[in-house]
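Reader: I would like a close look at a single part of this model, namely the packing between one pair of helices and the core around it. Please take me through it step by step.

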Amino acid sequence: MAVAYHGTSVIQDRSASPTCAVSNAGENAKVKVLTDRTANDSPFCPGWSVGPKDSRKMGCFGSKDKLSKEDMDFLKSHTRYDEATIKEWYKGFKQDCPNGRLTPTKFVDMYKMFFPSGNAEEFCDHVFRTFDMDKNGYIDFKEFLLAIDVTSSGTPEEKLKWAFRMYDVDGNGVIDIQEMTKIVQAIYDMLGACSSNRPADSAEDRAKNIFAKMDENNDGQLTQDEFLKGCLQDEELSKMLAP
C-alpha cells in the first residue's frame with residue numbers, strides 16, 4: 001500500500017498511482033479487500049500514490065511556508081525520503097489543510113469519493129487512529145509522512161506491525177476475536193452490500209478463520225508475535241491483513 005494523498009483533485013487524476021490507487025471511483029473501484037488483493041488494490045489508501053511528481057496535488061500539510069530544520073532532520077532520519085521529496089509532500093499537503101491538521105472529517109470525505117455506496121466512516125476511524133500516534137484528534141505532517149513511509153516503503157515486518165496496531169483497537173497489546181471482527185466488518189461496510197468485491201462469508205466467519213490459522217496457543221487472542229509469524233508464513237494472510 002502506498003501513498004500520496006491527492007485531496008479533492010484525486011478524482012481527476014486516479015491513474016497516477018503506480019502502487020496504490022483505486023482505479024475508478026464508486027462502484028467500479030478496483031478494491032479486492034480480504035480476498036485476492038494485489039498491490040494496486042487497497043482500502044487503506046484509495047487515491048494515494050507514490051512520488052514527488054504527484055505530491056503537488058495531495059492534500060494536507062502545515063501552514064508554514066517551509067519545514068523547520070528540526071522537522072526536516074527528523075523526517076530524513078525516520079523515513080526513506082530525501083529532502084527534495086519531503087519538500088514536495090509538504091508543499092502539496094498544505095494546499096488542502098492550511099492549518100496543518102488532517103481532520104477525521106476530511107479523512108472520511110476522501111474515502112467517500114471512492115466508496116459512495118458503502119459506509120466508510122468506521123473503517124476510516126480505525127485507519128485514522130493508527131495514523132494519529134499522539135491521539136490528539138488530528139494527523140499532522142510528521143504523523144502522516146511516517147505512516148506513509150511505513151505503508152509504502154516499509155519491510156513486510158514493519159508493515160505488519162503497523163497493521164497490528166490498527167487491529168488492536170483498545171491498544172492493550174493483543175488482538176481478540178471481537179477486534180478482528182470489528183475491523184473486518186468495517187471493511188465490508190465500506191465496500192457496501194452490493195459490491196461485487198465484497199467476500200461472500202460474514203465478517204464473523206472471516207475473523208474466526210483468521211484466528212484458526214494464527215492463534216497458536218488457542219487462548220482467544222493474538223500477540224504481535226503470533227500476528228507477524230502467521231502473516232509472514234502465509235502469503236494469503238499477509239495479503240489479507242497487511243497494508
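Author: A crossing of two helices is called right-handed if the near helix is turned clockwise from the far one by less than a right angle, and left-handed if the turn is anticlockwise. In this predicted model, the crossing of α8 and α9 is right-handed. Helix α8 spans residues 177–191 and helix α9 spans residues 203–214, and the two pack with their axes 8 Å apart at an angle of about 130 degrees. Angles over 145 degrees would count as roughly antiparallel and those from 65 to 115 as roughly perpendicular, and α8 and α9 are therefore oblique to each other. On the α8 side the contact is made by I177, M180, T181, V184, Q185 and Y188, while α9 contributes A203, E204, R206, A207, K208, I210 and F211.

One of these contact residues, M180 of α8, also leads into the interior, since M180 is listed with Y111, Y167, F227 and L241 as having the most contacts inside the largest nonpolar core, a set of 57 residues. The largest share of this core, eight residues, comes from helix α8. As a general background, nonpolar side chains tend to be buried together in soluble globular proteins.

Y167 shows how these residues meet: leaving aside residues up to four places away in sequence, Y167 touches I175, E179, M180, I183, F227, M240 and L241. Among these partners, M180, F227 and L241 are themselves named with Y167 for the most contacts inside the core.

How values were computed:
Residues numbered from 1 in each chain as written. Predicted model: local features only at pLDDT ≥ 70, side-chain atom pairs only at ≥ 80, totals over all residues. Heavy atoms only, no water. Core = buried A, V, L, I, M, F, W, Y, C linked by side-chain atoms within 4.5 Å. Buried < 20%, exposed > 50% of the residue type's maximum accessible area, 1.4 Å probe, protein only. Helix = DSSP H or I, 4+ residues; strand = E, 2+ residues; numbered from the N terminus. Contact = heavy atoms within 4.5 Å. Axes fitted to C-alpha atoms, helices over the stretch in contact; angles between N-to-C directions. Parallel < 35°, antiparallel > 145°, perpendicular 65-115°, else oblique.
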